[in-house]
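Let's take a walk through a protein chain together. Have the sequence and the 3D view open, and find each residue as we get to it.

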Amino acid sequence: MPEGPENVLRDENEAPPERLLQIIWCHQRLRRDRLRTADGQAVRILHPGFVSVEGGPDFRGAVVQIGDAAPRAGDVEIDLRAGGWRAHGHDRNPDFKHVLLHVVWEDTRALPGAPPVLPLSHSLDAPLGELGLWLKNESLRALPETFRGQCCVALRGLDETRQGRLLEAAAHVRFQAKAEQFRARARHAGWEQALWEGLFRALGYKRNVWPMQNLAESRSHWTRGRESALTLQARLLGLSGLLPGECPRASGDGAGYLRRLWDGWWRERDEFSNHLLPRSVWRFHGLRPANHPQRRLALAAHWLADSRLSQKLEDWCAVEIPDRKLSGSLRNVLEVEHDDFWSWHWTFRSPRLPAPQPLLGNSRVTDLAVNVVLPWLWTRAAEGGNEKIRQLIEHRYAAWPPTQDNSLLKLARQRLLGVGRSRALRSASAQQGLIQILRDFCEHSNALCENCRFPELVRGWSNLGIQT
Ligand code: SF4
């Protein structure tokens, strides 16, 4: 049976599942005026932080005051026992170096060198059984109302048109910044290279952006004109350090493919040794199987094998496409019809899938469109003085359908707009606008929204005369 809060309570004295402890922390169902660390210092929780969406400590950006020290912003890790700090390897993991409070169930002291421990077993605001039932339907992803941003009231006071225009304006800033990045890179490395770097970065999908960028930057050293997708897969997987360490002797599923990669890579390895990446630069924690860098590199190899890719993108830009077909039409350009191995596997080690899976999903197409393809094409058009194409691309950016929800968007929506869904977020560009506000304001403030100018800007926006 899953360890949901509802299955918690066999015995009131028994430790709850860690997930329930996390939900209790998230909703602060605690006697907050009596919190003390295991060594007796008073603790004030000014903000519990935001549940981590990318691994590492459970909550990021909490604001906590311990004893007489000034309040500090940092992370919070939740474990059942203080010993979990070492047992789970947090003491050796650099992602945990900003943890300022280790929240546990049992009343035990912190280990030497570990952050202060805050035991919760005697500090709940209701019996554990009651909390288990109350929190049954609560989610870790749902931000309690009391912890919404200070801009939330002002934003919710805007009508839908004003909210939409505000997000549009923020999206425009984001688009311009990306376009400028392409322009600057193209000036030094050429348009084609700037495009490849953008495509590789997008395939890195948050956690592996830098190794992907690194591979793309050395592209001129490891490409030699027309080459097959298999040759390029061997090379990219070899260069990335992601080719499995040994060539398989057995003849299981995929062994033939892996042997062909090894045959190709062994012949070339010395030639490209200056551009090899260590496997340790890649991040795998919290990755969906479809986003595994091995699979992403396999896709990149197919794109590289197509010497006309940039021309195809320009052609795509020149034809008329109804708004509702935008995503599908770009997908047609970027999609790989079939790959004998990667259509059937998430990684080298994963078993054969029951049905083939596309190498490019819809949400990745949107990501590529708003972050790479549209800003790259727009900058080219702007540089070439092609006003018509520039306007067409701006229209496509504004009309692009929204991407699949993700944890960052969910948190932003709840913190800023105080809603689970918003009609103002009907397009990918509106979602981009919301992310830009996070980058420009939330990332320069803290969970308490200290010194954030955005609420004031929103109030000013509500007084603007906008035609509806
Ligand atoms: S930091 Fe600023 S933009 Fe972010 S939630 Fe707080 S008030 Fe809003």
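What follows is a tour of some charged pairs, a helix packing and two backbone angles. Keep in mind that this is a predicted model.

Let's start with E268, which sits in helix α10, a helix made of residues 255-268. Is E268 buried or exposed? Its relative accessible area is 10%, and because buried means under 20%, E268 counts as buried. Leaving out residues up to four places away in sequence, E268 touches R224, T231 and R235.

One of those contacts deserves a closer look. E268 and R235 form a salt bridge, and their closest N and O atoms are 2.7 Å apart. E268 belongs to helix α10 while R235 belongs to helix α9 (residues 229-240), so this pair ties together parts that lie 33 residues apart in sequence. And like E268, R235 is buried. The story gets bigger still: R224, E227, R235, E268 and E271 are linked in a network of salt bridges.

Now zoom out from the pair to the helices that carry it. Two packed helices are described by the angle between their axes and the distance between the axes. For α9 and α10, the angle is about 70° and the axes are 8 Å apart. That makes α9 roughly perpendicular to α10, because angles of 65 to 115 degrees count that way. Which residues meet here? On the α9 side you'll find L230, T231, Q233, A234, R235, L237, G238 and L239, and on the α10 side Y257, R260, L261, W265 and E268. Sort the residues of this contact by character and you get seven nonpolar, three polar and three charged. So our buried E268 turns up again here, in the contact between α9 and α10.

How many salt bridges are there in the model? The count comes to 22, so let's visit two others.

First, R60 forms a salt bridge with D75, with the closest N and O atoms 3.2 Å apart. This pair links distant parts of the chain: R60 is in strand β3 (residues 59-66) and D75 is in strand β4 (residues 72-78), 15 residues apart. The two partners have unlike surroundings. R60 is partly exposed, with a relative accessible area of 31%, whereas D75 is buried, at 6%.

Second, the side chains of R183 and E180 meet in a salt bridge, at 3.1 Å from N to O. Where do these two sit? Both are in helix α5 (residues 160-189), and because they are three residues apart there, about one helical turn separates them. R183 is partly exposed, with 28% relative accessible area, and E180 is also partly exposed, at 36%.

Let's finish with the backbone. Q28 has a phi near 50°, a positive value in a residue other than glycine. You can find Q28 in the loop between α1 (18-27) and β1 (43-47). With 6% relative accessibility, Q28 counts as buried. Another residue to check is N451, whose phi is near 55°, again a positive value in a residue other than glycine. N451 lies in the loop between α17 (428-440) and α18 (454-462). Is N451 buried or exposed? Its relative accessibility is 80%, so N451 counts as exposed. Both residues lie in loops, then, but Q28 is buried while N451 is exposed.

Methods
Residues numbered from 1 in each chain as written. Heavy atoms only, no water. Helix = DSSP H or I, 4+ residues; strand = E, 2+ residues; numbered from the N terminus. Buried < 20%, exposed > 50% of the residue type's maximum accessible area, 1.4 Å probe, protein only. Contact = heavy atoms within 4.5 Å. Salt bridge = Lys/Arg side-chain N within 4 Å of Asp/Glu carboxyl O. Axes fitted to C-alpha atoms, helices over the stretch in contact; angles between N-to-C directions. Parallel < 35°, antiparallel > 145°, perpendicular 65-115°, else oblique. Nonpolar A, V, L, I, M, F, W, Y, C, P; charged D, E, K, R; others polar.
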